[in-house]
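The exercises below work through one model, with each task followed by a solution in steps. Keep the sequence and the coordinates open while reading, and try each task before turning to its solution.

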Amino acid sequence: MKDLFGTALLDYQKGHYTEDIITSTSISDDDILPLPYLFRDYKDMPKLEKKALNLAKGTILDVGCGAGSHSLYLQKQGLKVKAIDISQGAIDVCALRGIKNTELKHLLDETDTFDTILLLMNGTGIFQELSQLSKYLIHLKSLLKPNGQILIDSSDIKYMYEDEDGGFWIDTNTNYYGELDYFLSYKDETEIPLKWLYLDFNTLKFASETVGLQCELVVEGDHFDYLARLS
Ligand SMILES: C[S@@+](CC[C@H](N)C(=O)[O-])C[C@H]1O[C@@H](n2cnc3c(N)ncnc32)[C@H](O)[C@@H]1O
């Protein structure tokens, strides 16, 4: 990984903001990811994220924290938060923003236990592929203290396969429709493509129950997105 995402976050943090990140996927064209959005305040967060932050309690793990906006808010509320990410730039930014406990770490290498685990901004993306879902859910379950909870958001992206007359062009002979290749570029450099998983609620619920986690729908967003609570 070249860590262009982290480079962009660091540029913004250090006052060198000139360009946004450009993303695209295997089924969609270029889209702009505005850097200021990654530094959003509570008031600018989508309602799913606000709800997740309101439900967070006890000791908290923010997985894939990025610039640490959720961790920062919770820390300011007096909660104990640990923010992890695989991007060195992201972790440097978290430290610069004053997050006390932040670590360069892959989710699967985490071993502490928590009352609340947050995975936000399409949190299921980190699982990459449907075939890895059980492995990640079992690991997340092992990081929960008694009565702990996992708060995770995602979207059912079936709508992206809808054609003009309302039919769907999903090829049922290929992989799950929410498995996308994700491309990112920043300042004329292109990141190594990664896999990113969007998951419909029923698939998440079924997989969670299979590994012994209860899964409830907390709230739906405005555009096929949802927040789920696993416990
Ligand atoms: C879409 S960004 C979300 C950032 C942040 N949660 C937010 O809402 O602004 C996803 C983040 O997850 C991180 N990430 C991806 N895979 C990860 C893994 N296996 N373990 C920890 N972090 C990961 C990426 O480096 C990136 O910072």
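**Exercise 1. The parallel neighbours of strand 4**

Which residue of strand 4 stands opposite Thr59? Describe then how strand 4 is paired and covered.

Solution. The model is a predicted one, and the pairing is read from its backbone bridges.

Step 1. Lys80 in strand 4 is the residue that stands opposite Thr59, and the two strands concerned, strand 3 and strand 4, pair in the parallel sense over 5 bridges.

Step 2. Strand 4, which spans residues 80-85, is also joined to strand 5 by 3 bridges, and these two strands run parallel as well; here Asp85 stands opposite Leu104 in strand 5.

Step 3. As for cover, 5 of the 6 residues of strand 4 are buried, and the strand is thus mostly covered.

**Exercise 2. The order of the sheet**

In what order do the strands of the open sheet of 7 strands follow one another, and which strands form the edges?

Solution.

Step 1. The order is 5-4-3-6-7-12-11, and the pairing within this open sheet is mixed.

Step 2. Strand 5 (102-104) and strand 11 are the edge strands, since each of them pairs on one side only.

Step 3. From one strand to the next, the twist averages 20°.

Step 4. Two helices can now be placed on the sheet. Helix 4 packs on it by touching strand 3 (59-63), strand 4 and strand 6, with a direction that makes about 170° with that of strand 4. Helix 5, residues 88-96, packs on the sheet by touching strand 4 and strand 5, and its direction makes about 165° with that of strand 5.

**Exercise 3. Buried residues in two helices**

Which residues of helix 3 are buried, and why do they lie on the same side of the helix? Carry out a similar reading for helix 5.

Solution.

Step 1. Within helix 3, residues 47-55, the buried residues are Leu48, Glu49, Ala52 and Leu53. Because these residues cover an arc of only 135° around the axis, they are placed on the same side of helix 3.

Step 2. The elements that cover the buried residues of helix 3 include helix 4 (69-76), strand 6 (114-119), strand 7 (144-155), strand 11 (215-220) and strand 12 (225-230).

Step 3. In helix 5 the buried residues are Gly89, Ala90, Ile91, Val93 and Cys94, and their cover includes helix 1 (4-13), helix 4, strand 4 and strand 5.

Step 4. Just after helix 5, Gly98 takes a positive phi of about 100°.

**Exercise 4. Strand 1 between its partners**

Which residues stand opposite Thr23 in strand 2 and in strand 8?

Solution.

Step 1. On the side of strand 2, the bridge partner of Thr23 is Asp31, and Ile21 stands opposite Leu33 in the same strand 2. Strand 1 (residues 21-25) and strand 2 run antiparallel, joined by 4 bridges, and a hairpin of 2 residues links them.

Step 2. In strand 8, Leu184 is the residue that stands opposite Thr23; strand 1 and strand 8 (residues 179-186) run antiparallel and are joined by 4 bridges.

Step 3. Strand 2, residues 28-33, is hardly covered, for the count of buried residues among its 6 residues is 0.

**Exercise 5. Two residues and the ligand shell**

Is His106 buried or exposed, and which residues come nearest to the ligand?

Solution.

Step 1. His106 is found in the loop between strand 5 and strand 6, and it is exposed because 12 other C-beta atoms lie within 10 Å, where the cut-off for an exposed residue is 12 or fewer. Although His106 and Gly64 are 42 residues apart along the chain, their C-alpha atoms are separated by 8.5 Å.

Step 2. Lys145, which lies in strand 7, is partly exposed, with 13 other C-beta atoms within 10 Å. Leaving aside residues up to four places away in sequence, Lys145 touches Thr113, Phe114 and Asp115.

Step 3. Around the ligand there are 17 residues, of which Gly64, Gly66, Ser87, Leu107 and Met121 come nearest. By class, this shell has 11 nonpolar, 5 polar and 1 charged residues.

Methods
Residues are numbered from 1 along each chain as its sequence is written. This is a predicted model: local features need pLDDT of at least 70, side-chain atom pairs count only at pLDDT 80 or more; totals for chains, interfaces and linings use all residues. A residue is near a molecule or strand if its C-beta atom, placed from the backbone, lies within 6 Å of it. Ala, Val, Leu, Ile, Met, Phe, Trp, Tyr, Cys and Pro count as nonpolar, Asp, Glu, Lys and Arg as charged, and the others, Gly among them, as polar. A residue is buried if 20 or more other C-beta atoms lie within 10 Å of its own, exposed if 12 or fewer, and partly exposed in between; C-beta atoms are placed from the backbone. The arc is that of the directions from the helix axis to the C-beta atoms. Two residues are in contact if their C-beta atoms, placed from the backbone, lie within 7 Å. Two strands pair if DSSP finds at least two bridges between them. Axes are lines fitted to C-alpha atoms, for helices over the stretch in contact, and angles run from 0 to 180 degrees between N-to-C directions.
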